Amino acid sequence: MINKKIEIRKEIESDYADVYELNKAAFGQESESKLVELLRKSNAFIPEFSLVAVTNNKIVGHIIFTKIIIKDDNGNEFESLALAPMAVTPELQKRGIGGKLIRYGFNKARELGYKSVIVLGHEHYYPKFGFKPANKWKIKAPFDVPKNVFMGIELVENGLTGVTGTVHYPEEFEMI
Ligand SMILES: CC(C)(COP(=O)(O)OP(=O)(O)OC[C@H]1O[C@@H](n2cnc3c(N)ncnc32)[C@H](O)[C@@H]1OP(=O)(O)O)[C@@H](O)C(=O)NCCC(=O)NCCS
């Protein structure tokens, strides 16, 4: 179900404190809140890809995509995006807000010329939006992870054709 009263927009500086609290509430810990703070300062950060869901002037959802590189064994490098983290306020989960953030993010990514997104996350959630296990393209995580939770999606037809290798995340992901 998509809540029509939810607006998705680019995050601005005055949202930062609310986004911190939102991630803390959704994850039940502060690691993801701290990660978002680090990612905003990263070279991999693209302001258009930190998005908030707003209703009644209140931030109820957040998603961030950052730049990643997929490197194959021959030294070829492919640019993609990592979706991480995302959060919806606990009281409003399972009402379509997360889906709205994902789809808005995909459209923005297409607009800016990106062809794919990689995610590490719930194996029953992300496939609802078209994600498939990344081993379909022989794309690997830089660490050991069950194959069904490491996923990719083509934002355009054949967006991952010929793309294979290991994902290199922004170093900020290792700082938390
Ligand atoms: C994961 C999260 C962002 C999803 O946001 P949301 O607004 O609740 O998701 P949606 O309402 O768009 O969900 C769409 C569908 O996925 C289902 N779904 C939601 N969360 C799910 C989960 N964790 N696992 C499996 N399915 C899930 C919904 O029931 C809904 O199913 P339907 O379309 O069949 O009705 C939110 O639950 C959250 O903040 N969780 C805590 C933080 C977290 O785990 N973040 C993701 C890290 S990978």
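# The ligand and its pocket

Guide: In this predicted model, a backbone N or O atom of glycine 96 lies 2.6 Å from an oxygen atom of the ligand. Residues are numbered from 1 along each chain as its sequence is written, and side-chain values use heavy atoms, with hydrogens and water left out. Local features need pLDDT of at least 70 and side-chain atom pairs count only at pLDDT 80 or more, whereas totals for chains, interfaces and linings use all residues.

Visitor: What makes the approach of glycine 96 to the ligand a polar contact?

Guide: A polar contact is a pair of N or O atoms within 3.5 Å; the pair at glycine 96 is 2.6 Å apart, so this pair counts as one. A polar backbone atom of lysine 94 is also 2.6 Å from an oxygen atom of the ligand, and a polar side-chain atom of lysine 128 lies 3.2 Å from a ligand oxygen. On its own the ligand has 880 Å² of accessible area (Shrake-Rupley method, 1.4 Å probe), and the protein covers 72% of that 880 Å².

Visitor: Which residues surround the ligand most closely, and which elements supply at least two residues of its shell?

Guide: There are 19 residues around the ligand, each with a heavy atom within 4 Å of it, and the closest are Val88, Lys94, Gly96, Gly98 and Gly99. Helix H1 (16-27), strand E4 (77-88) and helix H3 (97-111) each give at least two residues to this shell, where helices are DSSP runs of H or I with at least four residues and strands are runs of E with at least two.

Visitor: How do you know that the ligand sits in the largest pocket?

Guide: A pocket is an open set of points, on a 1 Å grid over the protein atoms alone, where a 1.4 Å probe fits, with protein on both sides within 12 Å along at least five of seven lines. A molecule sits in a pocket if more than half of its atoms lie within 2 Å of the pocket's grid points, and the space taken by the ligand is the largest pocket. That pocket holds about 1,100 Å³ of space, and of its 41 lining residues (an atom within 4 Å of a point), Phe27, Met86, Gly121, His122 and Tyr126 are the closest to its centre. E4 provides the largest share of the lining, seven residues.

Visitor: What joins alanine 84 and proline 85?

Guide: A cis peptide bond, with omega of about -10°, joins them, and proline 85 is found in strand E4. Most peptide bonds are trans.

Methods
Polar contact = N/O pair within 3.5 Å; in protein donor to acceptor, adjacent residues only side chain to side chain. Points joined across faces, edges and corners; volume = space filled by probe spheres on them.
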